[in-house]
Every structure is written in C-alpha cells, then in structure tokens.
Amino acid sequence: MTRLGGRVERAAPPDRAEGAAAAPGAGLLVDAVSVRYGSTLALDRFTLEVASGEVVAVLGPSGSGKSTLLRAVAGLEPLAGGRVLLAGRDLSGVPTHRRGLGMMFQDHGLFNHLSVADNVAYGLKIQGLPAPRRRERVAELLALVGLEGLASRRPDQLSGGEAQRVALARALAPEPGLLMLDEPLGSLDRALRDQLTGELRHLLSELGQTALHVTHDQGEAFALADRVAVVDQGRLVTVDHPARLWADPGSTFVARFLGHPNIWTVTVDGDGQVSRAGIDLGRVPEGHALRSGGSRAVEVVLPVTAIGPARSEGGGVTAIVEEVVFGRGVHHVRATLVGAGSTPSAARAVEFDTTVPLEAGARCPLELDLGALRALEGHGDRPDRSRPLDR
Amino acid sequence: MSRAGLAARAAQATVPAAFLAVLVVWPLVAVMDRSLTDVGPGDIVEILGRGSVRRVLWFTLWQAALSATLTLALGLPIAHVLARYRFPGRAALRALVIVPFVLPTVVVAAAIGAAFDRLGLRVERSLWAVLAAHVFFNLAVVVRVVGGHWARLDRRQVEVAATLGASPAQAWFTITLRQLVPVLAGSFLLVFLFCFTSFGVIRILGGLRRATIETEIYRYAITRQEFDVAAVLAALQIVVVLVLAGATARFQRRHATVQRRGTAPVPVVGVARRLHVAAVVTLVLAVLGLPVAVLIEQSLRVGSGYGLANYRALTERVDLLPLSAVQALGNSLLFAAVAGVVASAVGVTAALVIARGGAAGRALETLSLLPLGVSAVTLGFGYLVGLTVFDLRRSMWLIPAAHAVIGLPFVLASLVPALRSIDPRAREAAATLGASPPVVRRTVDWPLTRRALATGAGFAAAVSIGEFGATSFLGRGEESFTAPLAAVRLLASPGAALRGQALALSVVIGGVVAVLAAAIEFRRDPGVTVL
C-alpha cells in the first residue's frame, strides 16, 4: 500500500472485478476487436495494448470509431469479433457492471437527482461499502479533486469544471482497474481545459491509474498520455510516444491530423540533396534515412520547429512573407519560397514560427534543419478526413 | 411606453378579464356564497355528515385513486416502449394512444359499455366499466407525460451506473425509476384529478349505485331541485380541486429536473425485446382499439344482422328527446363553431397579455387555467346559481360561452408558447426596417402564430362538440339540446332500438371529433403541442 501525495490511499485490488488479481503489469489488451453498426464497421480488427499504470490516448477525427472503442471495452457495444482482456482476464460475456471499469463522459453524465457526495458514493454503495467507510472515502476523493466544500451541492449547481471533477471522483471511487475518459474536457473552455489537463495528468500518475483516453484534441492527448494512438475509420493507424509521433508521424494522414503545415513533395538524389519545386533546400545529414534509396520523389514532413529565419543572408533558401499571425507568444508566418518563377506558389508554401516580428512582403532568408525531415507514406486507400490545413 | 400604449394594453387585458370574471369567477363565487351564507356552517356539517353523502365522498376518492393507479400501471409499459424503441408503426401507435383523450366522454362511455356488453360482462352499476373508461380516457396523459420525460432521460447515466458496478436492475431502480418518480407522481395526481371530477362516465356507466360528488351535484340540483345540498357539494369540490391542482403544480415545480439531452430510441433487437414490444403493441390495440371497434360494430347491428337503420333513425325525433338527434348534432356544431370563434378571440387578447408576462399576465394565466381543474359540472351549476341577472342562465348562447371558457385553456396552451417563441429580435429587425407596431404584428407575429391559433381553435371546437358536464345544466329546450345530451338520454333508456340509436349517435359524435382532431394534427405546427 502506498501513500499518494499524503491524501489518498490505494487499497488492494477491488474484489468486484472478478479474478482481477492477475499477473502484475498486465493492463488492457484490445485484441482484434470489431464492432458493427448495421452494415458499417465502426471498429475493424482493432488491436491496442495499454500497460498497467499507463495512460494511452486514442486520437482521431469524429466518427473514426474512438468512442466505439471505449463502449466496446466497457461492454456497452456487442463485439462482432475479437476480445478484450483486462488484467489477463477475458471480458467476453462479462456484463459492464462486473468489468471493474471507470468511465468519464464528455458532459460528465452526473446523476442530477443525487447530491455531489451521493454521486461519488454511488459505486461504493453498489460495492456494499459500509456507510462510515464510504463517507470517509467520498471525503478523500472530493479532497483529491479539490471540491471539499461541495459535497451537498446538486449537479445543476456546479460549474462545468466542477462537474467534470465530480465525474472524475465518481469514476475513481470504486478503484477501477481501467479508467476510461471519453473526451473528458471537450465541453470546457480553453483556459479551464488546460488547467484540468494538468490536474488530471498529475492525478493519474500519482494514482498509477491505467487509463484509456479518447479525444479529438491532439493538445489534450499529447499533454495527458504516455502513448498516443491515432485512429481512422475504425482502424489503428499508428501508436507512439507523443514526442516521437510528432517528430515522425509516418503517414500523410497522421501528419495532417496532428496539424503539421509543412507536408511537401520533394526530390532527393543519391547524395541527399533535397529540392522542392525546383528549389534547392540543402542536403540531409549523413546517415539520414532519406539518403538510402537513390534519387526519387518523396512526400515528407518538416516540423515547424525545424524552420526559422536565418541569422545571415546567403544560406541559400529565401522566402517572401505572405502573412503573419500572432498567437501564444510567437508569430506564425506563412511564406513562399523564392525560386523558379513558373511553379505555383502553393507548391512553394512554407510555414514556421518566430519570435522576431516580420512584415508581410518582406524577404526572409530561412534556415532549415533537414535532419528533422521525415518521409511519409501516402494516404493509401484512406481518404483524408482531417481538418483542412492547406489554406 | 407611451400613455396611449399603456391604455391599449389595459384595454387588451380587460376583454379576457371581463369574460373570465363573468363566466368563471362569478359562478364559482356564487356557489361558495350560496353554501357559506345561505346554508351556513351548521347545515354544512349536517349535510356532509349524512351517510349517503359520506359514501359518495368515499367512493369519489377511492375510485379516482384506483383509476389513477390502474392507468399508471397500464401506461408505464406503453410509455417505456414508445420512449425507448424504434419500430415500424411507432408513430401510428403514438397517435392512437392520444385518440381517446380527444374523444368526448359520452363516446368513451358508450364504447366501454358496448365492449362490456359484447364480452358478456355486466355493465350496469359495474365499477369495472367505470374504471375501464377512466383508464381508456387517461392513458394518453400517462403515456405522453411519462413517455416524453422518459425519452428525455440520458441513457448514458444508466451506462455510467453500469461502469460503476450497478447491475441492470440496480441501475433501473437507482437511476431510471428515481428520475421518473416526480413525473410519475405528477401524472398520477393529474389523472386522479380528472377521475375525481369525472361526470359523464359515472352517469352513463355507474348506474344507480355508483355516484360521485359530480353526479350528486347534478342529481341534487336538477333532479331533486335541492340547490343547498348541491351548493355544499360543489363548494367542497372547488376546494378539493384547487388544493389538488395547487399541490400538483407545486410538486412538479419542486421536482422538475432539467434533462440536458435525450437518447434516440433504439431498434428492437433480440427475441425477448421483440416479444416485449409485440406484447405492448397488442395491449394498446386491445385496450384502445377494441372498445371503439365494438362500438362501431354494435351501432351497425340491426336485429340479427347489420345495417344502417340505427343511423337512418337519427333523423327522426323520438319521444324521449325534444328534437331529432341530427338536429341536436346541428346545435352542437353551431355551438362548437361559436365556441371556437369566441375562445379564439378571447384567447388572442389573453395570450398577448400572458406572453408579455408580468403580474397581470400571470394572474390572467391562472384565471384562464381554472376551468381545466374546476369541473364543468361545478361551472354549470354555478351558472344556474349565479347568472340570474337578465336571466342569462336561460339564454341558449350561454352554452357556447361556457364551452369557450372550457376550451380557452387549449387555445392558450397552443398560442402562448408560439407567441413566446417569437424572437424579439425579429420584431426589432422589422421595426428598424420601418414597420410600425401594427405592421409588425401583421407581418411578424401573425404568420408565426396563425397555425397555433388554428390548432387551439380546433381543439376548443372539438371540446365543445363533446362537452357534457356544463351542458347538462344548461341544455333544455329544442334550441339548446346538444348531441351528447341526446346520446346520454338514449343510452339511459331501456330498449334495443334506442340503444342502437344511442351507439350510432356516439359513433357520429366521435367521428366528427376525430375528423376535427385529424385535421388539427395534419395542419398543426410541429412545434406546437397542446397535450
């Protein structure tokens, strides 16, 4: 038993999750799960593993099947194929209420007819925890989410952030083997969302809580998760640590979905010389993956962080500034590379951030870190349904 | 607000206020006055202490409680299926459930009586026939009110409960039922109120032994001409109804929970669910369809075969009636038209005042909803006691006026929400574009509310055609005898020939109302619901 932040004690694994006392380290395994809604396949042989104590975010556009994944794991949707294992136990045929899960919905789903304390106590009551112990635990949980004074409030007297905190406390109360978060902060305004994201991350790691988090907001996913899984049309596209995923999205779909603006078609020759629309961009460093494979056209992504104004003229690449938008402390610049006049400007667009204010129309020499260049796979059969980014 | 504008508003409020003062407040005050000053406390205690009166009070109470309980028990599974499942014919079933509520009591009572006869059950003095008619009539209230609420419950709360470890049964009891309790209690009180003031059903099906406060008011006032006893009973009725209505409103205000989102009905999957839905659909068809089917079948019965003889006979006057049934129906239609027009005219002025809100609006709203709770019988008796000036009570035009009063709540229920839903910015935009207030009213308010007004007027007319309670006190001679009065008189008389005519007349009345209701439903603004 560990003391967590001096505030809450994690008890032994709850016995309501039948046979949950399995091998330590065994978290969730979603094994080739398919879910069918009528004739459409909402989940298509979806496989994902969440280690014990790990937080995995499932990121995808709306309608990609990410909420269906949660419902399938929760046992709220019948599986058309595959199986779900929690702590090594096959959950097939186990009804939702015996799975030992916690779930937090976007608009919190609080029981309007119960007070805050009774909402939190609901799962404990079902477990048959005696009243004095229950009250203690409710007080602990409300303290944990910072709502000590609100025990007797009704849900409709709470602010959006408070309601989410109550929903979290309620989901955590029965000490679920897996906490599932369905767009938990989606209905809140940005400042509150950022604040709660921080609190939630802190809390989950403090508790060592295994969690599956579904969202369409990549900021939220990156901030909360140990690993991020990108889903599209019911299939897992990729799963990786946030920073690695950002630096190397792997496919055009993921790169666009993550909001990378610089997705280019470039030509690489055998020496690693990169050119775009006839403009020479420089050479990729020794040992870079793009060096192997001979001369060819390839789709790549260059993160905005790998582009910036050069300190001195003559670096080779120059751009004309088209538009500058200020936000969150940096100037976001949309520019066009200067080069062979006949190519359309869209094929020469480049975007980057800078702290140096630039004027529209100015010439700006650029420094590109071509070591950050990563090749992308094509869309394949996957139509691009992410937000339009080519403005 | 200019001085002229204020004066116009005051004038606007005066019309409905005066109408309601003469036709609602004054008669009720007259009843109370009669029982309190003319009869006196000692006699009141003596009258209420009589064994016969106490038996009536007791029966009124328990039959209403039992009716409401049965209605709720039968209505719940129907409400559940309609709220939760999507299946072919669901819309038709929803519509069918509403039909009995718009049917006149006379028709309902005749249908239930015919069904009991056909099934070989003893109708006369049959408690079960009364209960069946009350259930038939009020099922719509439970299904609409409870079902509407049920459909708005957030299904995911049950799912959350499941993730927290609640079994389906536990989730149902701790979440679904718990959230339905206020609306269950509310609809129970409402049905109780309707059955407590039930008149036509008891008169027709209750026989001689089954009497409620309502039928006793009628018997003492009309048959025995003992106005004092009738006044005491009517005063008691007024007090009980006001207390009940107040309690219902309070209870619903206090327990109103805002449901943020509903859940779309789900398709019926699996054998168990299919059987469940099929059983409920069958139940609805049996309970609601059978009596109507039997009524029509029996009305066509001639000797041992079938024919239209009963319908043809409606054109001839029988000794029992002051005029032929068809002429009575003519009176009914005339009164319905007048009542519809009067209710609309008063309704428009009242709705404008009410929609503006404020103390005057709220007072007028309460006043105009009074006839919905206070029974028509009490109102009719109030006219006999109160409207002695110029002998108003003998005027045939008092009937459509009374019907307009009873129909007014329906006009307002349709019109006020429509007026309130008009975005004030639409009016402001029209004004900035150069429209004067009358032009705004004609070009903005009127197009947006005329369908709601038509709906309300149609309802008022439908209510008028079937109205029986107040009319029993007012309809006398050839000019003022209505079709429901004729049907009841025919039903009460022995003899197969007259019974056949009574059933035929009931079918005709029901048919007219059904056509009217269908027209309303068809033309109705989808956003407007009266029930």
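How do H5(B) and H6(B) lie to each other, oblique or not oblique? I opened my notebook with that one, and I kept in mind that this is a predicted model.

**Entry 1: the pair H5 and H6 of chain B**

I looked up the two helices and found H5 at residues 105-118 and H6 at residues 127-152 of chain B. Their axes are 9 Å apart, and the helices pack at an angle of about 130 degrees. An angle between 115 and 145 degrees falls in the oblique class, and H5(B) and H6(B) are therefore oblique to each other. I noted the hand of the crossing as well: H5(B) and H6(B) cross in a right-handed way.

Next I listed who meets whom. From H5(B) come Val108(B), Ala109(B), Ile112(B), Gly113(B) and Phe116(B). They meet Ala129(B), Ala132(B), Ala133(B), Phe136(B) and Phe137(B) of H6(B). By class, this contact has nine nonpolar residues, one polar and no charged.

**Entry 2: the pair H3 and H12 of chain B**

I then turned to helix H3 (residues 51-84) and helix H12 (residues 271-299) of chain B. Their axes come within 10 Å and cross at roughly 125 degrees. That angle makes H3(B) oblique to H12(B). The crossing of H3(B) and H12(B) is left-handed, whereas that of H5(B) and H6(B) is right-handed.

On the H3(B) side I wrote down Leu74(B), Pro77(B), Ile78(B) and Val81(B). Their partners in H12(B) are Val277(B), Val280(B), Val284(B) and Val287(B). I found eight nonpolar residues in this contact, with no polar and no charged ones.

**Entry 3: the domains of chain B**

I wanted to know where the domains run. Domain 1 of chain B is made of 10-27 + 306-531, and domain 2 covers 50-299. Their centres, taken over C-alpha atoms, are separated by 23 Å. Domain 1 of chain B brings 31 residues to the contact, and domain 2 of chain B brings 36.

Which helices of domain 1 each supply at least two residues to its side of that contact? I noted H16 (376-386), H19 (437-466), H20 (469-474), H21 (483-492) and H22 (496-523) of chain B. H22(B) gives the most, with 10 residues. This side of domain 1 of chain B divides into 21 nonpolar, 10 polar and no charged residues.

**Entry 4: the domains of chain A**

For chain A, the domain assignment gives domain 1 (3-247) and domain 2 (256-375). I found 40 Å between the centres of these two domains, taken over C-alpha atoms. Five residues of domain 1 of chain A are in contact with five of domain 2 of chain A. The domain 1 side of chain A has four nonpolar residues, one polar and no charged.

**Entry 5: where the chains touch**

How many residues does each chain bring to the contact? I noted 20 from chain A and 19 from chain B. On the chain A side, strand S8 (101-104) and helix H2 (116-127) each supply at least two residues. The largest share there, four residues, comes from H2(A). I sorted the chain A side by class and got nine nonpolar, eight polar and three charged residues.

**Entry 6: confidence**

Last, I checked the scores. Chain B has a mean pLDDT of 84, and 93% of its residues reach 70 or more. For the complex, the predictor gives an ipTM of 0.71 and a pTM of 0.76. I added a reminder for later reading: where pLDDT is low, the predicted coordinates should not be read in detail.

How values were computed:
Residues numbered from 1 in each chain as written. Chains lettered and ligands numbered in written order. Predicted model: local features only at pLDDT ≥ 70, side-chain atom pairs only at ≥ 80, totals over all residues. pLDDT = per-residue confidence, 0-100. Contact = placed C-beta atoms within 7 Å. Nonpolar A, V, L, I, M, F, W, Y, C, P; charged D, E, K, R; others polar. Axes fitted to C-alpha atoms, helices over the stretch in contact; angles between N-to-C directions. Parallel < 35°, antiparallel > 145°, perpendicular 65-115°, else oblique. Left-handed = near helix turned anticlockwise from the far one by under 90°. Domains from an automatic or database assignment.
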